[in-house]
Amino acid sequence: DDLPEARRLLGNVRADARFDDQPQDFRHAVLVLAGYVEMREDQGESARALLSAAAQLQDTDPDVWYWLSWVEADLGQHDDAARSLARLFRKWPDLGDNLQDDHLWRLVREADASSDARTELLQAIFDSGWKREALGGISHLHYELALVRARQGDVAALRRIVPTVTWPTDIVRMRSDRRFDAAVD
């Protein structure tokens, strides 16, 4: 619980000339822990660097991508944050229920509506088959993806996505939007 002392000790371990000679699992664990401590101490830039280094060293921990997305969002790097979370959904699709809804919605809302990263996140969520009951279920996110595909004129994608949109407000929006005519009866 002594985060300043943890920062000091982990910094000493990383600065040791023998650190790079240690087993990969050990270095990964140190980088993850150091990144987490930096994140908890509101040191966003260093947390991002450490967590990114941990992910590059060994891409086996979904928490790294989740924490990285939080740090990037806090730094205002919404596209990077969306891509980090998309990575989590692609590699560990069953972990969606462990995510905080407010973080997910923050990324969807704060990323530019035409951003490739936002679309990548929405597509990764859809492709993961994630089912969420909270906040009206996953329907709202599927509707957001459907809007992107409608703007792109991708009728084949719309036909796959539209049946998964079940929230009444979203259905009314699709029925009143001519861009959905090819996919909505």
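How many helices and how many strands does the chain have? In this predicted model, the chain has 10 helices and 0 strands, and the legends below take up the overall fold, the surface and charges, and helix α6.

**View 1. Overall course of the chain.** From the N terminus onward, the order of elements reads α-α-α-α-α-α-α-α-α-α, and the C-alpha trace spans about 65 × 25 × 25 Å along its principal axes. Among contacts with a separation of 6 or more, 57% join residues that stand 24 or more positions apart in the chain.

**View 2. Burial, surface and charge.** The chain comprises 185 residues, of which 46% count as buried, while its accessible surface comes to about 9900 Å², with 48% of that area belonging to carbon and sulfur atoms. There are 24 positive and 34 negative side chains, and the centres of these two sets lie 5 Å apart.

**View 3. Helix α6 within its surroundings.** Helix α6, which covers residues 101–110, is largely enclosed by the rest of the structure, because 7 of its 10 residues are buried, a term that here stands for a relative accessible area under 20%. The buried residues of α6 are Asp101, His103, Leu104, Trp105, Arg106, Leu107 and Val108.

**View 4. Packing partners of helix α6.** Which helices do the buried residues of α6 pack against? On the N-terminal side of the numbering, the partners are α4 (62–74) and α5 (78–91), and the list is completed by α7 (116–128) and α8 (139–152). Asp101, Trp105 and Arg106 are among the buried residues of α6.

Notes
Residues numbered from 1 in each chain as written. Predicted model: local features only at pLDDT ≥ 70, side-chain atom pairs only at ≥ 80, totals over all residues. Heavy atoms only, no water. Helix = DSSP H or I, 4+ residues; strand = E, 2+ residues; numbered from the N terminus. Buried < 20%, exposed > 50% of the residue type's maximum accessible area, 1.4 Å probe, protein only. Contact = heavy atoms within 4.5 Å. Areas by Shrake-Rupley, 256 points an atom, 1.4 Å probe, with all protein chains shown as cover. Lys, Arg positive; Asp, Glu negative; His and termini not counted. Charge placed at Lys NZ, Arg CZ, Asp CG, Glu CD.
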